[in-house]
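Dear colleague,

I am handing over the structure we spoke of, placed just below, and my notes on what was found in it follow. Please read them with the coordinates open beside you.

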Amino acid sequence: MNMPMRKSEAISAASPAVAEVLRLKVAKPSYVQAKLLPALTAIAARVVPPLVMLAVILTVWQVLCMKPGATLPAPSKIWTEAYDLIVDPFFVAGPQDIGLGWRVLISLQRVAIGYGLAGLIGIGLGTIIGQSVWAMRGLDPIFQILRTISPLAWLPISLAAFRDSQPSAIFVIFITSVWPIIINTAVGIRNIPQDYRNVAAVVQLNPLEFFAKIMIPAAAPYIFTGLRIGIGLSWLAIVAAEMLIGGVGIGFFIWDAWNSSHISEIILALFYVGIIGFVLDRMIAGLGKVVTRGTAAG
Amino acid sequence: MQAYLKLDHIDKTFNRGSATTEVLKDINLTIDKGEYVSIIGHSGCGKSTLLNIVAGLTGTTNGCVLLENREVNSPGPDRAVVFQNHSLLPWLTVYENVRLGVDKVFARSKSRAERDAWVMHNLSLVQMAHAKDKRPSEISGGMKQRVGIARALAMEPKVLLLDEPFGALDALTRAHLQDSVMALHQKLGNTILMITHDVDEAVLLSDRIVMMTNGPSARIGEVLEVPLARPRKRLELATNPGYLKCRQRVLEFLYERHSFVEAA
């Protein structure tokens, strides 16, 4: 309650010369008081605590790693050592010497292709499997086993099959993220209430209309759960896969920095990986929220 | 006179593994055009199965359903169903839920604008035009059921099938909706087959009440004509001797001669 009062006092005190106009403004400062301030307070309540915690963590880190003989660099040291990389994520100084922004984009491109394929094929297969009791019984145990295989374990197989690093990396992304999408879609399709199927039968929707108008919207919450797990796994897998296959992705950058003992650069790259992973997850979650707003509420 | 809707010697047996349960046995019923027929019985007597058979959602074991002398054995908009739990699609608005059926049924016979007008016409028949842009989660149970009725009516069914349409509603909303359905029946002259377990509802709304015996192997125990003039008024009927007599007959059937026996 203190904040808005101070605000209106500040306005009346600020410009005594135009008192006539000012009185009107003071009479209805309601927009600032009723809308803007609560909104700002709400935002601050969400943003300030993480910022405070970040400051605390950085301070502790700084204190711990400032001692001589510390094996890991302190934040201040990272700032000075990796300054070039921090201030300009998009420089190009040679075929292997590019900014982290570019590297992330290259990794993201691989993820986009692999994950896009996984989404298409996963939803398609999941729909078919969810429709058939026997396909579910036959394939579900196999999928449950396959999905526990580490992404990196697929890499030698895919290198042997494709004999090239780029398709191998994309395949690893695909094979890592496709299982949760298939399984969740299938469960979503199986859980479509009989009522909706009856409605579709009475209205006489053809299979294509049934797929588009009933199945996909009804199963959307499940599908998006699968997609969200899938994008997380993709991002985990690409960093690991790129360490092994080389190239210019963010994963190989980390491996390369380790080989050159640039610990500060590794830590900077980890920040990138974490933030991008977070953004990807939020993007899929946000998309899911928009698409399933009706289904989830019902 | 030829029967409009005819259920001809219908048997229904369910097989679950090695166990077979005979649910319905030798059901014969003819319904005239414009008639309002209720099927009443204790829960588990297979009345919902019977409605699903007429709707074409469940197949028969023996016998068949004839609509205007043609056999019907798959679902279709000529036998639109108002489901017990409304079954509106939650991701569509009220308007879109009704429009879904209209677009399929009148794909060729009505233009886009005509279909739009037809949807709005049916929504206003059930007094729901004001909520056309709301989603099912935003309206009350009674309103959802109104939209369910509008969706069924909008398909211009030959027979309107009501599967315990008021079962999930509170008593006041139910009475209100019963009056609405009576008014619609009066106005549009639909042929209606309704499943119910509410004696008052059956007597109030129906021209004939079909009473079913307890399952398994449920059959039609008795058919009662309700000789009350329409339009019927809920309040006046409460003391009407004809109404009370019909009510008495149904109650006797349900609670004396075929009282509910707990199977378990």
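To begin with the cavity that I would ask you to look at before the rest, its lining is made up of B:Ile149, B:Leu153, B:Leu160, B:Val181, B:Leu184, B:Asn190 and B:Ile192. Sorted by character, the lining of this largest cavity comprises six nonpolar residues and one polar residue, with no charged one. Two helices of chain B, α4 (141–154) and α5 (171–188), each contribute at least two residues to that lining. The volume of the largest cavity comes to about 40 Å³, and the search, which covered the whole structure, finds three cavities of 30 Å³ or more.

Please keep in mind throughout that this is a predicted model. For chain B the mean pLDDT is 89, with 97% of the residues in that chain reaching 70 or more, while for the complex the predictor reports an ipTM of 0.86 and a pTM of 0.77. As a general caution, predicted coordinates should not be read in detail where pLDDT is low.

Turning to the sheet, chain B contains an open one of four strands, in the order β2-β1-β4-β5 and with antiparallel pairing. Its edges are formed by β2 (19–31) and β5 (70–71) of chain B, each of which pairs on one side only. Between β1 (residues 5–16) and β2 of chain B, which run antiparallel, there are nine bridges; to find your place in this pairing, you may start from B:Lys6, whose bridge partner in β2(B) is B:Thr30. Helix α1 (residues 47–55) of chain B lies across β1, β2 and β4 (62–67) of that chain, and the helix runs at about 115 degrees to β1(B).

Two points of backbone geometry also deserve a look, given that most residues other than glycine have a negative phi and most peptide bonds are trans. The first concerns B:Glu68, which sits in the loop between β4 and β5 of chain B and has a phi near 50 degrees, a positive value although the residue is not glycine. The other is the peptide bond from B:Arg230 to B:Pro231, which is cis, with omega near -5 degrees; B:Pro231 belongs to the loop between β10 (220–225) and α7 (234–237) of chain B.

With best regards

How values were computed. Residues numbered from 1 in each chain as written. Chains lettered and ligands numbered in written order. Predicted model: local features only at pLDDT ≥ 70, side-chain atom pairs only at ≥ 80, totals over all residues. Heavy atoms only, no water. 1 Å grid on protein atoms, 1.4 Å probe; cavity = no way out; pocket = protein on both sides within 12 Å on 5 of 7 lines; lining within 4 Å. Points joined across faces, edges and corners; volume = space filled by probe spheres on them. Nonpolar A, V, L, I, M, F, W, Y, C, P; charged D, E, K, R; others polar. pLDDT = per-residue confidence, 0-100. Pairing = 2+ DSSP bridges. Contact = heavy atoms within 4.5 Å. Axes fitted to C-alpha atoms, helices over the stretch in contact; angles between N-to-C directions.
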